[in-house]
Amino acid sequence: MTSIDPLAATKRVPMGSLRKTALAAGVLYLITFISIPTLALYGPVRTDPNYIAGPGPDTAIIFGGVLEIIVALACIGTGVALYPVIKRQNEGLALGFVSVRVLEAATIFAGVVALLSIVTLRQAGAGADALTTGQALLSLHTWTTVLGQGFLPALNALLLGSLMYKSRLVPRILPMLGFIGAPLLVASVAGTLFGLWGPVSLLSGIGALLLALWEFSLGIWLVAKGFRPSPITTGMAPAVTMPARSDAPA
């Protein structure tokens, strides 16, 4: 009779390069969510106009800055990880996605520099004479947040979402979340630029939530499932090796 070699049957199939790419990109997308605590960590410097002249520890601001630096590096990593795959769908859009992702990271770094500059002046005892400087630096952080974490992520959602939607590398419902949230965020940023409302509004909240769901669900899917079969990945996936068989007499 014919039997399956038990040693071959128990061997684990090695992870292919395509699966590794999906796993790396998924993990990096999930890492970008570690900056959520900064909403609370940056509270004192955002709400106290005299923060730069006051006493007290700055540990929360510094820790928040470290988290955002990690997020910025993860942003670049997502673009680098996905580029070899998504360029097979449209190289121009893929290059645009990577470029905007890098620009998004740059604005995050600029915002961190602004807040750490406030911390430096505070620790140096700049006092009341630095209040105007502190407000200017805080305004710089506010605008880098509006543009770098509002407009640019919306643009990223449209670029990457269109690539994923056309290639079907992930379920189409996932990029649809980005397609809905991106226009809302762009409209919110436009309203902020023209003074119709502040940086935080109902429109920006809904748009940010939808984009967060898009990126979080993308990360979860890539980690758990990887890329779905697609014509653009033909030749990238390794050939399946059948387990060895041996014939033994009955």
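**View 1. The end of helix H7 and the residue that follows.** Just after H7 in this predicted model, Arg168 adopts a positive phi of about 60 degrees. The helix that precedes Arg168 spans residues 131-167, and its 37 residues reach 52 Å from the first C-alpha to the last, close to the 54 Å expected at 1.5 Å a residue. Along its course, H7 bends by about 25 degrees, and the bend is located at Pro153.

**View 2. The largest nonpolar core.** This core comprises 31 residues, and those with the most contacts inside it are Leu82, Leu160, Met164 and Phe227. At least two core residues come from each of helix H2 (17-31), helix H5 (59-86), helix H6 (91-123), H7, helix H8 (173-193) and helix H9 (202-224). H7 gives the most to this core, contributing seven residues.

**View 3. The surroundings of Met164, and a second core.** When its neighbours within four places in sequence are left aside, Met164 is in contact with Leu82, Ile86, Leu169, Val170, Trp214, Leu218 and Phe227. A second core, separate from the largest one, has eleven residues, among them Val45, Tyr51, Ile52 and Ala130.

**View 4. The salt bridge between Asp58 and Arg122.** A search of the whole structure finds three salt bridges, and in the one shown here Asp58 pairs with Arg122, with the closest N and O atoms 2.5 Å apart. Because Asp58 lies in the loop between helix H4 (43-47) and H5, whereas Arg122 belongs to helix H6, the pair ties together parts that are 64 residues apart in sequence. Asp58 and Arg122 are both buried.

**View 5. The network around Arg101.** Within helix H6, Glu104 and Arg101 lie three residues apart, about one turn of the helix, and their side chains meet in a salt bridge with an N to O distance of 3.0 Å. Arg101 also forms a salt bridge with Glu215, for which the closest N and O atoms are 3.8 Å apart. This second pair links distant parts of the chain, since Glu215 is in helix H9 and Arg101 in helix H6, 114 residues apart. Glu104 is buried, and Arg101 is likewise buried, with a relative accessible area of 1%. Glu215 has a relative accessibility of 12% and therefore counts as buried, the cut-off being under 20%. Through salt bridges that share partners, Arg101, Glu104 and Glu215 are joined into one network.

Note on methods. Residues are numbered from 1 along each chain as its sequence is written. This is a predicted model: local features need pLDDT of at least 70, side-chain atom pairs count only at pLDDT 80 or more; totals for chains, interfaces and linings use all residues. Side-chain values use heavy atoms; hydrogens and water are left out. Helices (H or I, at least four residues) and strands (E, at least two) are DSSP runs, numbered from the N terminus. The expected span of a helix is 1.5 Å times one less than its number of residues. The bend at a residue is the angle between axes fitted to the seven residues ending there and the seven starting there. A nonpolar core is a set of buried Ala, Val, Leu, Ile, Met, Phe, Trp, Tyr and Cys residues joined through side-chain atoms within 4.5 Å. Buried means under 20% relative accessible area, exposed over 50%, partly exposed in between (1.4 Å probe, protein chains only). Contact means heavy atoms within 4.5 Å. A salt bridge is a side-chain nitrogen of Lys or Arg within 4 Å of a carboxyl oxygen of Asp or Glu.
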